[in-house]
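Please keep the sequence and the 3D view open side by side while you read. The text below goes from whole chains down to single residues.

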Amino acid sequence: MIRNSASEMASKLASGEITSVELTQAHLDRIQAVDTDVHAFLYVDTEGALTQAAAVDAKRKSGEKLSPLAGVPLALKDVMTQKGIPTTCGSKILEGWRPPYDSTVVTNLKKNDIVILGKTNMDEFAMGSSTENSAYGPTHNPWDLTRIPGGSGGGSAASLAAFEAPLAIGTDTGGSIRQPAAVTGTVGVKPTYGGVSRFGLVAFSSSLDQAGPCARTVLDAALLHEAIAGHDPKDSTSINAPVPAVVAAAKSGDVKGMKIGVVKELNGDGYQPGVRKRFEESLELLAAAGAEIVEVSAPNFEYALAAYYLIAPSECSSNLARFDAMRYGLRVGDSDGASAESVMNLTREVGFGREVKRRIILGTYALSSGYYDAYYGSAQKVRTLITQDFNKAFEIADVLVSPTCPTTAFKIGEKANDPLAMYLNDIATIPVNMAGIGGMSLPSGVADEDGLPVGFQIMSPVMKDERMYSVGASLEAALLSKWGAPLLSKIPALAGGQ
Amino acid sequence: MTLTYDDVVAKYEPVLGLEVHVELNTHSKMFCSCSTIFGAEPNTQTCPVCLALPGALPTVNEKAIESTIKIGLALNCSIAPFSRFARKNYFYPDMPKNFQISQYDEPICVNGYVDVEIETDEGPQTFRIEVERVHMEEDTGKSLHVGGATGRIHGAEYSLLDYNRAGIPLVEIVTKIVPGTGKYAPEVARAYVAELRDILRSLGVSDVKMEQGSLRCDANVSLRLIGSDVLGTRSETKNVNSLRSVERAVRGEMIRHAELLNNGERVVQETRHFQEDTGLTRSGRSKEQAEDYRYFPEPDLVPVAPDAAWIETLRASLPERPSIHRKRLQEQWSVPDKEMSAMINADVLDVVEATVALGADPAKARGWWLGEISRISNEKDVAIKELGISAADVAEIVALVNAGELTDKLARQVVEGVIAGEGKPAEVIAARGIKVVNDDSELMAAIERACAAQPETAQKVRDGHVPAAGALIGAIMKETKGQADAARVRELLLGHLGQGSN
């Protein structure tokens, strides 16, 4: 039952073949069995999930019309607030904090009767590409427990690959949904910036952060996308326009006549041979399905990583200033005679991890007077240039594609002391955030050299998210018929699993 | 030795810069829907947004934008078609996010001016104060530092924080530097703040209560030698909570700076706090090492781009400028300059206007508000508008006097009764049994009784010593409990004693 897709589970729930309580319990059992090894979850809300499931079952029994995913369980990244449920963002500084309010994403999940199983592990404040920066220990990749599950949303992606949940919520600032999806063989979508409300998403970099769906199939991602998206008056940057018809696009999966642009700069040197091979193969499948493959150039992408590492830290240095021990979370050194300033200092010293501190320092420096123009100002100009590159490319192609990551999952600890090598992992995903457009990663097979999953990235223009779902669904179908079974059926069994 | 003010202005030219913070009277805060009502229990008017809980996001209060645009238009500013919020980053416990959302290099209103008129040795003179910018920001919470000598955070035993004020919409109005006011600098500063207050009040965008902090002025003062075009070092005086204090603070700082400069010392660039009791300022935070606020555009808020048509609608809805309004009233009422100034200084112009609007004669209305009511206000040390007597009450009393149903003396009793909380004028009259005795036969009887009681005095009057009648009139008025019309009593009495008008 837990190996089904979310839409299959939804049909079984709708037909009465299973109940949401049974389905939820099965996932809770699976978490119990395998999560000691995977460590995808920071908090499992057994009681809350079962209560919610029972309520959905009751509604269904009474004949109430329910939303498509009603009763299907989901794992929530620990960066989204959920009323009364611990929300740590993977940081010590928020240990024990229970938000008094729901994020809009959670409100929408509850409105759609999607059952929330618990909160998933992540790099502290979403800063990282491996989930090793979590203050609560790393998450392990279900394909190989000695490897990273990607980051920052490694917990959400791993929970899907380990069949602990059929759906998950991620957030993507520079690739935190798509890169974990790529290295775990799952599907992850970063919607257009402003497509999903950020209210209740604990901010890392406000102008780049975007919540989105994580799933095992393109259609599941589309169903979840429609459930959480839409205008929210509580988020000033939320787009006031109808949600793109992503479910319809995922169902039809038609690419005939579509122009698919291969970004020259996001392929080639620095990309693992097995990654490139799977990418080329996917292009052939899309061409065979009726798409026209063209090459496009985005010359300014080469500056994207550098600009990203000025903008994101700058915003984070300000966003994270509120963690000062005054109103919530950790408080250190509050003894007789200690000044507010020393309590703030000590709490931040103890409460933040190394990577977070590194970025706060970087950002504080980049915003300082005398440096602002050279750093933050220049980075914003690069951002404009990247957006222009995308605009030009979208004049030629309907969607753009690239490998999601240069490599497959690396070993835990391998890059922990080399931040620059770690940052390079996001080289292909970052431009999407810089321009605020949509991006999807779906599995394109495993690399020949290591047998680990490879991700295929599809990028679509602002509020044209349906296009990546069309292309994704088409490719997914072609790959499925080639493989005969979903990629995840090849995943090694976990010790505690059935 | 201390310098006199005349010594200071003989040698130095003051240069002013005034920053006024105005709390808008919107029902909800700048970036969330919490209430803004003053004086609630601490921390009851808060929510995830204004407490800066993780994940909470600001959204802009449209009403605050509208109010700010109105202010900009009233101050002759241009309204930017595109402006942005920015974050001003610094750590302080009463600022929940540890940054303040403000506006920095792209404010909503720029380049305006306010003309203020003051009395000079050469008669009334107008000074133009140029406004550099008007921008929106949010207020901080309030800290109360307990223990320690100074009420400051350093040395305090503990601090209490109230976030009710955190996020209240503030508008900051910043002037360009104001040179050329010479010895009138303190008066010009005061007149500017007063004019701003009147404009803001006429717009209905703020309570403009300086004593409650809904209008706060920071006065920047520097001195330079007369004839020099190099600016001196400025000090910035905060906590100036009344119009009078604005004037005192500027004058006090001018003298303090001049003393330092004359002694060859340096003026320190710093924030100073005005002390209401002494009229002096004390040193606050040094601004020598400019704090780096790391401003950058607020990424959580989209830019403000007001529609041009909307701006024109707001412009068309602006009320008459207070200075023009005053001139018009002065002409309509034919009030001498001195009386006009008296009304403005006593802050009664609006109630007088309201009283006149309800039918009272302008001179009578003015007389009541500047006379008896002001007297009671001084006596009780309660602001005129807090006394509990309204324009309608005064208009009613004036009408009763005109109709002969009250004498001036009785009317004063009615005013006193209304202020004492005995009700509306009619209720006071009924409860106190106040009525004019205008029955001549009743008065004649009283006159005869008075003459019988004081035959010698009556005789003096008969003999032509008219002033002696005062004692008789007093007795009659006393007998009739002041309810008689004294003029009529006098007329009847003199007639009775053979001294009728001739």
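Which domains does the domain assignment of chain B give? The model shown here is a predicted one. For chain B, the assignment lists domain 1 (5–288), domain 2 (320–432) and domain 3 (440–496). The centres of domain 2 and domain 3 of chain B, taken over C-alpha atoms, are separated by 32 Å.

Chain A can be described as a whole. It contains 16 helices and eleven strands. Its radius of gyration is 21 Å, and the globule rule gives 23 Å for 498 residues; these values are close, so chain A is as compact as a globular protein of that length. Along the principal axes, the C-alpha atoms of chain A fill a box of roughly 70 × 55 × 45 Å. Of the 498 residues in chain A, 62% are buried. Contacts can also be sorted by distance along the sequence. If we take the contacts in chain A between residues at least 6 apart in sequence, 77% of them join residues at least 24 apart.

One residue of chain A shows such a link. A:Asp102 lies in the loop between β2 (73–77) and α4 (104–111) of chain A. Is A:Asp102 buried or exposed? A residue needs 20 or more other C-beta atoms within 10 Å to count as buried. A:Asp102 has 20 of them within 10 Å, so it is buried. Beyond its neighbours within four places in sequence, A:Asp102 is in contact with A:Thr81, A:Gln82, A:Lys83, A:Thr107 and A:Gly200. A:Gly200 is 98 residues away from A:Asp102 in sequence, yet their C-alpha atoms are 6.6 Å apart in space.

Another loop of chain A has a feature in its backbone. The peptide bond that leads from A:Gly151 to A:Ser152 is cis, and its omega is near 10 degrees. A:Ser152 belongs to the loop between β3 (115–120) and α5 (154–161) of chain A.

Now turn to the strands of chain B. Strands of a sheet pair through backbone hydrogen bonds, in either a parallel or an antiparallel way. Chain B offers an example of each. Strand β11 (residues 235–240) and strand β12 (residues 270–274) of chain B run parallel and are joined by four bridges. Within this pair, B:Thr237 stands opposite B:Arg272 of β12(B). Between the two strands the chain passes through helix α4 (residues 243–262) of chain B, and this β-α-β crossover is left-handed.

The antiparallel example is an open sheet of three strands of chain B, in the order β4-β3-β14. The edges are β4 (99–102) and β14 (296–297) of chain B; each has a single partner strand, so one side of each has no neighbour in the sheet. Two bridges link β3 (residues 86–89) of chain B to β14(B), and B:Arg87 has B:Phe296 as its bridge partner there.

Two residues of chain B have a positive phi without being glycine. B:Asn98, with phi near 60 degrees, sits in the loop between β3 and β4 of chain B. It counts as buried because 21 C-beta neighbours lie inside 10 Å. B:Ser334, with phi of about 50 degrees, is in the loop between α6 (322–333) and α7 (337–345) of chain B. B:Ser334 has 9 C-beta neighbours inside 10 Å, so it counts as exposed.

Finally, the two chains touch. In this interface, 26 residues of chain B are in contact with 35 residues of chain A. The chain B side consists of 16 nonpolar, five polar and five charged residues.

Definitions and conventions. Residues are numbered from 1 along each chain as its sequence is written. Chains are lettered from A and ligands numbered from 1 in the order in which they are written. This is a predicted model: local features need pLDDT of at least 70, side-chain atom pairs count only at pLDDT 80 or more; totals for chains, interfaces and linings use all residues. Two strands pair if DSSP finds at least two bridges between them. A crossover is right-handed if, with the strands pointing away from the viewer, the path from the first strand over the helix to the second runs clockwise. Two residues are in contact if their C-beta atoms, placed from the backbone, lie within 7 Å. Ala, Val, Leu, Ile, Met, Phe, Trp, Tyr, Cys and Pro count as nonpolar, Asp, Glu, Lys and Arg as charged, and the others, Gly among them, as polar. A residue is buried if 20 or more other C-beta atoms lie within 10 Å of its own, exposed if 12 or fewer, and partly exposed in between; C-beta atoms are placed from the backbone. The radius of gyration is taken over C-alpha atoms; the globule rule is 2.2 Å times the number of residues to the power 0.38. Domain bounds come from an automatic or database domain assignment.
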